[in-house]
Amino acid sequence: MTHAEPGRNLLVFGLILLLLACWLGGGVAVDPGPMDEWLQLLALPLLGAAAWRVSRQGVGDALQRAAMLALMLIALVPLLQLVSLPSEWWRAIQPRQALAGDLGVAGIDALPLRWSLAPAATEAALWALLPAMAAFLAAVSLQEAVHRRLVVNALLLLVLSNVLFAFFQAGLP
């Protein structure tokens, strides 16, 4: 057994746990709830471990590199929306001038000069991306031989969870 195998096994276990939690919790929904927060928090260590593994072993072929680029571009969209803009750039757009005028009439002078007009919603969207990004990065960081075993184990756990859920539903009054 090499030193990479325990880390790989933990990564596989974490990925299966995240996928199972997403399935049982319904995934990250449009209406945020406590399950969404748990999924996002569960995704953080998996994302960190997968990123560490990818940084140590590198990305394989051109298809994986293109997929990693797509992942980074997807994450970059909400991150760019949270970047502060200079006041001149922010006010250069006509609708934002009108918004600044309306807010000035209401007595609000200190504006968050970001691309996003709803930074909290943009940050929530970035958090909502975490489970999908973690699952994708974890799958990319594993070798192809592990993918088949991962799918078999995940499907087996999903079937068993479905059977348990069916028994639970059958026992309800």
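Start by selecting Arg 53, which lies in helix H2; helices here are DSSP runs of H or I of at least four residues, and strands are runs of E of at least two, both numbered from the N terminus. The model is a predicted one, in which local features need pLDDT of at least 70, side-chain atom pairs count only at pLDDT 80 or more, and totals for chains, interfaces and linings use all residues. Residues are numbered from 1 along each chain as its sequence is written, and side-chain values use heavy atoms, with hydrogens and water left out.

Arg 53 has a relative accessible area of 11% and is therefore buried (buried is under 20% relative accessible area, exposed over 50%, partly exposed in between, with a 1.4 Å probe and protein chains only). Add Leu 137 to the selection: its C-alpha is 9.4 Å from that of Arg 53, although 84 residues separate the two along the chain.

**Helix H2**

Now select residues 34-57, helix H2. The end C-alpha atoms of H2 are 35 Å apart, in agreement with the 34 Å that its 24 residues should span at 1.5 Å a residue; the expected span is 1.5 Å times one less than the number of residues. Besides Arg 53, the buried residues of H2 include Leu 39, Ala 43, Leu 46, Leu 47 and Ala 50.

Go next to Asp 36, also in H2. With 6% relative accessibility, Asp 36 counts as buried. Its C-alpha is 7.7 Å from that of Ala 128, and the two are 92 residues apart in sequence. Just after H2, Gly 58 has a positive phi of about 80 degrees.

**Helix H6**

Select residues 119-141 for helix H6, which has 23 residues and reaches 32 Å from first C-alpha to last, close to the expected 33 Å. Centre on Leu 130, where H6 bends by about 35 degrees, with Pro 131 following within four residues; the bend is the angle between axes fitted to the seven residues ending at a residue and the seven starting there. Leu 130 and Pro 131 are among the buried residues of H6, as are Met 133, Ala 134 and Leu 137.

**H2 against H6**

Show both helices together. H2 and H6 pack at an angle of about 35 degrees, their axes 8 Å apart (axes are lines fitted to C-alpha atoms, for helices over the stretch in contact, and angles run from 0 to 180 degrees between N-to-C directions). Among the residues making the contact are Leu 47, Ala 50, Arg 53 and Val 54 of H2 and Trp 127, Leu 130, Ala 134 and Leu 137 of H6; contact means heavy atoms within 4.5 Å.

**Helix H3 and Trp 90**

Move to residues 62-81, helix H3, where 20 residues reach 29 Å from first C-alpha to last, close to the 28 Å expected. Its buried residues are Met 68, Leu 71, Ala 75 and Pro 78, and what covers them includes H2 and H6.

Finish at Trp 90, in helix H4 (residues 87-91). Trp 90 is buried, with a relative accessible area of 2%. Select Arg 114 as well: Trp 90 and Arg 114 are 24 residues apart in sequence, with their C-alpha atoms 7.5 Å apart in space.
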